[in-house]
Amino acid sequence: MIRMITVTLATMFFIQISAQVHPITILEEGHILVSLKVNDSIPANFILDTGAGITVMSSKFFNKISENSPPEGFFTGFRHDGDRLDGELFSVKSIDLGGYVRNDIVGGVYPPLDNYGIDGLLSMTFFKDKAFTIDYQNQKIRLLSDDELKSIAANSPSVPLSLNQKSDVSLDISIPICVNGEFTVDAEFDTGSGHELFLINPYFMNDLGIDSSKLTSSIYTTPISQKKLTDYSSEQKLGICGTGSEYQKKSVLFREGLIYEALIGSGLFSDKSITIDIPGKRFFVHN
């Protein structure tokens, strides 16, 4: 989930470049801001958050559509640090991203978003039937045709994309990350973490030959339950397994209580393009 936005959000212009390409704004920390239309005509600025699980709205924005958003039940989810999130679900008539429209989206309300000046988080459930490319350099998102996807697949390396799906409500994705060229972890891919967050479960420290007593440690306090977790900081070389990409030295936190093997933001490819093909369970890295 999104952690902190310290930049004042710039005014976004809803410009249709072509039928399948839409502008995005990459904020300083790496969060991806997209402009949408909700319920056919209501403009909204959402963060595209691959780690959100479900699409959620701020309380202020939900008040604009609440009369046309009937309840759809109840959902329990968990943050990466184990904190539990409970909330009511609602049906959203439609969400339109650059002409690609999904109807009857089930989402929730997350009041803390009111503090960040955004309207919501757009999760991977929106793209469960559509492959798309995030072009970080040119700040665009492309919703791919079958031919465009075939071209990318023929010319770019891919890795398996793992799906963590709960009914039709929640969807997270993960990719294999190689550590120091010799060890692989399944990493939750979370654009809501920005560019430079790299977390690995301390369980793997022995496998990596790391002695925690020799590392700098700090205390991380979870935002909901206020649990105190220990972070161990270490530099590691990370790369996308099987893509031939160069390994990059990154500051990694081995976080106690992490519910995944690993979690990464977009820092390994913030100067490239990535294609996420949920129907085909593939993840591509390309220029």
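This is a dialogue on reading the cores, spaces, ring pairs and loops of one predicted model.

Student: What should I know about the model before I begin?

Tutor: The model is predicted, with residues numbered from 1 along each chain as its sequence is written, and local features need pLDDT of at least 70, side-chain atom pairs count only at pLDDT 80 or more, while totals for chains, interfaces and linings use all residues. Side-chain values use heavy atoms, with hydrogens and water left out.

Student: How do I read a nonpolar core, and which residues have the most contacts inside the largest one?

Tutor: A nonpolar core is a set of buried Ala, Val, Leu, Ile, Met, Phe, Trp, Tyr and Cys residues joined through side-chain atoms within 4.5 Å, where buried means under 20% relative accessible area, exposed over 50% and partly exposed in between, with a 1.4 Å probe and protein chains only. Here the largest nonpolar core has 59 residues, and Phe 127 and Phe 283 have the most contacts inside it. Strand β14 (residues 170-179) gives the most to this core, namely five residues; helices (H or I, at least four residues) and strands (E, at least two) are DSSP runs, numbered from the N terminus. A second, separate core has 13 residues, among them Leu 27, Ile 47, Ala 52 and Phe 75.

Student: What is Phe 127 in contact with?

Tutor: Contact means heavy atoms within 4.5 Å. Leaving aside neighbours within four places in sequence, the contacts of Phe 127 include Leu 48, Leu 97, Arg 102, Phe 132, Ile 278 and Pro 279. Phe 127 also belongs to one aromatic cluster, together with Tyr 100, Phe 126 and Phe 132.

Student: How are pairs of aromatic rings described, and how many are there?

Tutor: A pair of aromatic rings is described by the distance of the centres and the angle of the planes. Rings of Phe, Tyr and Trp (its six-membered ring) pair if their centres lie within 6.5 Å, and planes under 30 degrees apart count as stacked, over 60 as edge-to-face and the rest as tilted. By this rule the count is ten aromatic pairs. Phe 62 and Phe 90 form a tilted pair, 4.5 Å centre to centre with 45 degrees between the planes. Because Phe 62 lies in helix α1 (residues 59-65) and Phe 90 in strand β7 (residues 84-97), this pair ties together parts that are 28 residues apart in sequence. Both Phe 62 and Phe 90 are buried. Phe 189 and Phe 283 form an edge-to-face pair, with 5.6 Å centre to centre and 80 degrees between the planes. Since Phe 189 lies in strand β15 and Phe 283 in strand β22 (residues 282-286), the pair ties together parts that are 94 residues apart in sequence.

Student: Are Phe 189 and Phe 283 buried or exposed?

Tutor: Phe 189 counts as buried at 0% relative accessibility, and Phe 283 is buried with a relative accessible area of 0%.

Student: How is empty space found, and what lines the largest cavity?

Tutor: Rolling a probe the size of a water molecule over the atoms shows where empty space is left. On a 1 Å grid over the protein atoms alone, a cavity is a set of points where a 1.4 Å probe fits but cannot get out, whereas a pocket is an open set with protein on both sides within 12 Å along at least five of seven lines, and lining residues have an atom within 4 Å of a point. Grid points are joined across faces, edges and corners, and a volume is the space filled by probe spheres set on the points. A search of the whole structure finds one cavity of 30 Å³ or more, and the largest cavity holds about 40 Å³ of space. Its lining includes Ile 177, Val 185, Phe 198, Leu 238 and Ile 264. By class, the lining of the largest cavity has twelve nonpolar, no polar and no charged residues, where Ala, Val, Leu, Ile, Met, Phe, Trp, Tyr, Cys and Pro count as nonpolar, Asp, Glu, Lys and Arg as charged, and the others, Gly among them, as polar.

Student: Which residues lie closest to the centre of the largest pocket?

Tutor: The largest pocket has a volume of about 550 Å³, and of the 31 residues that line it, Ala 52, Phe 75, Gly 77, Phe 78 and Leu 85 are the closest to its centre. Strand β7 gives the most to this lining, with six residues.

Student: Where does Lys 281 lie?

Tutor: Lys 281 is in the loop between β21 (273-277) and β22, and has a positive phi of about 55 degrees although it is not a glycine. With a relative accessible area of 49%, Lys 281 is partly exposed.
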